[in-house]
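Here is a set of short exercises to work through with the sequence and the 3D view side by side. Try each task yourself before you read its solution.

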Amino acid sequence: MSTKVEIFCDGACSGNPGVGGYGTILRFGAMEKELSGAEGDTTNNRMEMTAAIKGLESLTRPCHVVVTTDSQYLVKGMTEWLKGWMRKGWVNSKKEPVLNRDLWERLHELAQTHRVEWAWIRGHNGHPENERCDALARGAIEDFRNNALSRR
């Protein structure tokens, strides 16, 4: 598992819930690939998670992966909370069902294939890849809205 891949990801939502988008950059050496997409009725947290999922799903073999995001929810979920949620039957500390369980389960499944490090960076702070992912996510929201309008 010597192949090292960097994944940068961000999610955005216009209204929360509302139209949401994600942006992801995969980097392997000098090669980069950008991914983006949108959904009509979602939340910012779901888009943050979807951005990471789309990046991990794009990998074709086991890798050492560094996922960089401005979402503390995503990083803490994967590094601090997930094992406890699974152990307790997917309930949180308030004894309520864990939100976004479907995405947490998918992230956990994908992370088993790779050696994943989760890195948090402050958002909207000039980090070039984070700013690009944010632009991809917002562009996907705009495209989604424009396509919805053209279908009317």
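The exercises below go from the core to the pockets and then to single residues.

A note before you start: this is a predicted model, where local features need pLDDT of at least 70, side-chain atom pairs count only at pLDDT 80 or more, and totals for chains, interfaces and linings use all residues. Residues are numbered from 1 along each chain as its sequence is written, and side-chain values use heavy atoms, with hydrogens and water left out.

**Exercise 1. The core**

Find the largest nonpolar core, list the residues with the most contacts inside it, and trace the elements that build it.

Step 1. Start with the terms. A nonpolar core is a set of buried Ala, Val, Leu, Ile, Met, Phe, Trp, Tyr and Cys residues joined through side-chain atoms within 4.5 Å. Buried means under 20% relative accessible area, exposed over 50%, and partly exposed in between, with a 1.4 Å probe and protein chains only.

Step 2. The largest core holds 31 residues, and Leu56, Leu74, Trp104, Leu107 and Trp118 have the most contacts inside it.

Step 3. Two or more residues each come from strands S1 (4–15), S2 (18–28), S4 (64–69) and S5 (115–120), and from helices H1 (44–57), H2 (72–87) and H3 (101–111). Helices (H or I, at least four residues) and strands (E, at least two) are DSSP runs, numbered from the N terminus.

Step 4. Now select Leu74. Setting aside residues up to four places away in sequence, Leu74 touches Cys9, Glu48, Met49, Ala52, Thr69, Trp104, Leu107 and Trp118; contact means heavy atoms within 4.5 Å.

Step 5. As background, nonpolar side chains tend to be buried together in soluble globular proteins.

**Exercise 2. Two pockets**

Describe the volume and lining of the largest pocket, then those of the second largest.

Step 1. On a 1 Å grid over the protein atoms alone, a pocket is an open set of points where a 1.4 Å probe fits, with protein on both sides within 12 Å along at least five of seven lines; lining residues have an atom within 4 Å of a point. Grid points are joined across faces, edges and corners, and a volume is the space filled by probe spheres set on the points.

Step 2. The largest pocket has a volume of about 290 Å³. Its lining has 13 residues, with Val5, Leu26, Phe28, Ser58 and Leu59 nearest the centre. S2 and strand S3 (31–42) are the elements that give two or more residues to this lining.

Step 3. Sort that lining by class: 6 nonpolar, 3 polar and 4 charged residues. Here Ala, Val, Leu, Ile, Met, Phe, Trp, Tyr, Cys and Pro count as nonpolar, Asp, Glu, Lys and Arg as charged, and the others, Gly among them, as polar.

Step 4. The second largest pocket has a volume of about 190 Å³. Of the 13 residues lining it, Met78, Leu82, Lys83, His108 and Gln112 are closest to its centre. H2, H3 and S5 each give two or more residues to this lining, and H2 gives the most, with 7.

Step 5. The lining of the second largest pocket divides into 7 nonpolar, 4 polar and 2 charged residues.

**Exercise 3. The loop between H2 and H3**

What does the side chain of Asn92 reach, and are Lys95 and Asn100 buried or exposed?

Step 1. Asn92 lies in the loop between H2 and H3. Its side chain reaches the backbone nitrogen of Lys94 at 2.8 Å. Beyond four places in sequence, Asn92 touches Trp85, Pro97 and Val98.

Step 2. Lys95 is in this loop too, and its phi is near 65°, a positive value in a residue other than glycine. Lys95 counts as exposed because its relative accessibility is 68%.

Step 3. Asn100 also sits in the loop between H2 and H3 and has a positive phi of about 65°. With a relative accessibility of 13%, Asn100 counts as buried.

Step 4. Most residues other than glycine have a negative phi, and most peptide bonds are trans.

**Exercise 4. Strand residues and a bond**

Which residues does Thr68 contact, and which peptide bond is cis?

Step 1. Thr68 is in strand S4 and is buried, with a relative accessible area of 11%.

Step 2. Leaving aside neighbours within four places in sequence, Thr68 contacts Ile7, Phe8, Cys9, Ala119 and Ile121. Thr68 and Ile121 are 53 residues apart in sequence and 6.9 Å apart in space, C-alpha to C-alpha.

Step 3. Pro17 is in the loop between S1 and S2, and the peptide bond from Asn16 to Pro17 is cis, with omega near 15°.

Definitions and conventions:
A polar contact is a pair of N or O atoms within 3.5 Å; within protein, one must be able to donate a hydrogen and the other to accept it, and residues adjacent in sequence count only if both atoms are side-chain atoms.
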